[in-house]
Each structure stands twice: as C-alpha cells, then as structure tokens.
Amino acid sequence: MADKDRDRRITDVGTLKAIAHPLRAQLYRLLILAGAATASQLGEQVDEAPSLVSYHLRKLAEHGLIEEAEPRSGDGRERWWQPASDGLSVRDEDFRDAPEKAAAHTAASRLFFDQRIDMYRRYLDERAHWSDEWTSAADNSEWLVRLTPAELGELSKELGDIVRRYQEASRAAVAAGDTEGREHVAVHTYGFPFRV
C-alpha cells in the first residue's frame with residue numbers, strides 16, 4: 001500500500017451507505033484492529049460465512065475504504081484485506097445540503113453510536129473477568145460545560161490529537177515487539193450541544 005491517509009473523510013452518500021451497513025462497519029473495525037485479515041478469519045470473528053464476509057469486503061473496497069493487502073501466509077488462495085486509511089471521519093457539514101443526504105448521515109451516525117454502545121455494554125457485562133488494573137484504568141466520565149462552537153471544535157481537535165499520539169506510540173511499540181500487557185482499547189468521546 002502506498003502512503004496511508006491518516007483519516008479518510010467520507011463526503012459522498014454512496015460511501016457513507018457502504019460503511020453504514022452493520023456488518024461492514026463491524027468488519028472495518030476488525031480490520032483496523034488486525035491490520036490485515038482474510039474473509040475466513042473475519043468470518044470466524046463475526047460468526048458469518050466467509051462468502052458473505054467476502055461480498056461485504058468487496059463492497060467496502062469498491063468505495064476505497066479497504067484494499068487488498070500482501071498475503072501473510074503461504075496459501076495463495078486466500079485474499080488479504082487491509083484498511084486504506086488509518087481511520088474514517090464523517091462530518092455533518094458534508095451531508096446537510098439535501099434532506100436525503102442528511103437522513104443518510106443521521107442513520108449512519110445512529111448505527112455507529114449503537115455499535116459503540118454495544119461495545120461498552122459488552123465491557124460492562126465482562127468487567128468481572130478483567131483485572132483490577134484494567135477496571136481501575138477504564139473510564140466513564142461526563143462533563144457538562146458551556147462552550148461556544150469554536151471552543152467545542154478546539155476541544156474536539158485537542159482530544160483527537162491526544163488519542164492519535166497514543167495510537168502512534170502504541171503502533172510503534174507493537175512494531176518493536178512490545179506487546180506485553182497490551183489490549184485493544186476503545187476511546188469514545190461525544191461533544192454536542194443540548195438545551196434544558
């Protein structure tokens with residue numbers, strides 16, 4: 001793969017609809033975690049037939065969200081896939097100029113939110129099986145502040161910069177063989193206006 005984009009910004013409805021399919025969003029997330037995988041490997045993780053997984057991977061590839069990867073095994077029959085970027089971003093401003101685009105963006109945002117909630121619920125259900133060290137490090141916080149749109153934008157950027165710094169350091173450590181004690185960690189932040 002050539003130079004990976006840090007984040008691919010989705011600006012068209014077709015690509016948004018491609019990733020906003022529940023199984024495709026899950027497969028994309030798994031590819032981000034694995035770096036590269038085959039339809040068979042992913043099928044085992046999502047409990048679906050490799051042929052179905054392969055179909056959805058091809059749909060993601062049609063929109064440039066994933067791409068073929070170099071084979072990681074000697075089995076030349078297996079097709080390997082990897083994300084085409086380090087992540088995705090979807091912004092409201094790219095979808096508010098037409099009602100059907102706004103509706104697609106809202107539906108996609110709800111799907112992503114529901115999947116994030118499911119991840120956190122799973123953690124809560126399995127929390128007793130994690131060590132005290134992990135459960136003490138886990139976080140669930142809410143801050144209610146009064147900000148301007150510019151301040152919220154800056155806060156969002158700073159939080160993203162912090163997470164990217166840890167992400168890059170983690171990738172470098174894993175590439176150097178430092179995998180002891182590392183687990184996948186989901187960091188979800190939401191910043192939005194509301195009125196009481």
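Helices and strands here are DSSP runs, numbered from the N terminus, with helices (H or I) of at least four residues and strands (E) of at least two. The model is predicted.

**Exercise 1.** Locate Asp-47 and decide whether it is buried or exposed.

*Solution.*
Step 1. Asp-47 sits in the loop between α3 (39-46) and α4 (50-62).
Step 2. Its relative accessibility is 69%. Exposed means over 50%, so Asp-47 counts as exposed.
Step 3. Check the backbone. Most residues other than glycine have a negative phi. Asp-47 is not a glycine, yet has a positive phi of about 60 degrees.

**Exercise 2.** Describe how α2 packs against α5.

*Solution.*
Step 1. Take the geometry. Helix α2 (residues 22-34) and helix α5 (residues 99-126) pack at about 60 degrees, with axes 11 Å apart.
Step 2. Classify the angle. α2 is therefore oblique to α5.
Step 3. Assign the hand. The crossing of α2 past α5 is right-handed.
Step 4. List the contact. α2 supplies Pro-22, Ala-25, Gln-26 and Arg-29; α5 supplies Leu-111, Phe-112, Gln-115 and Met-119.
Step 5. Sort by class. This contact has five nonpolar, two polar and one charged residues.

**Exercise 3.** Work out the strand order of the open sheet, then place α2 on it.

*Solution.*
Step 1. The three strands run in the order β2-β4-β3, with antiparallel pairing.
Step 2. β2 (37-38) and β3 (66-68) are the edge strands, each pairing on one side only.
Step 3. Three bridges join β3 to β4 (residues 80-83). Glu-68 has Trp-81 of β4 as its bridge partner.
Step 4. α2 packs on this sheet and touches β2, β3 and β4. The direction of α2 makes about 90 degrees with that of β4.

Key:
Residues are numbered from 1 along each chain as its sequence is written. This is a predicted model: local features need pLDDT of at least 70, side-chain atom pairs count only at pLDDT 80 or more; totals for chains, interfaces and linings use all residues. Side-chain values use heavy atoms; hydrogens and water are left out. Axes are lines fitted to C-alpha atoms, for helices over the stretch in contact, and angles run from 0 to 180 degrees between N-to-C directions. Angles under 35 degrees count as roughly parallel, over 145 as roughly antiparallel, 65 to 115 as roughly perpendicular and the rest as oblique. A crossing is left-handed if the near helix is turned anticlockwise from the far one by less than a right angle, and right-handed if clockwise. Contact means heavy atoms within 4.5 Å. Ala, Val, Leu, Ile, Met, Phe, Trp, Tyr, Cys and Pro count as nonpolar, Asp, Glu, Lys and Arg as charged, and the others, Gly among them, as polar. Buried means under 20% relative accessible area, exposed over 50%, partly exposed in between (1.4 Å probe, protein chains only). Two strands pair if DSSP finds at least two bridges between them.
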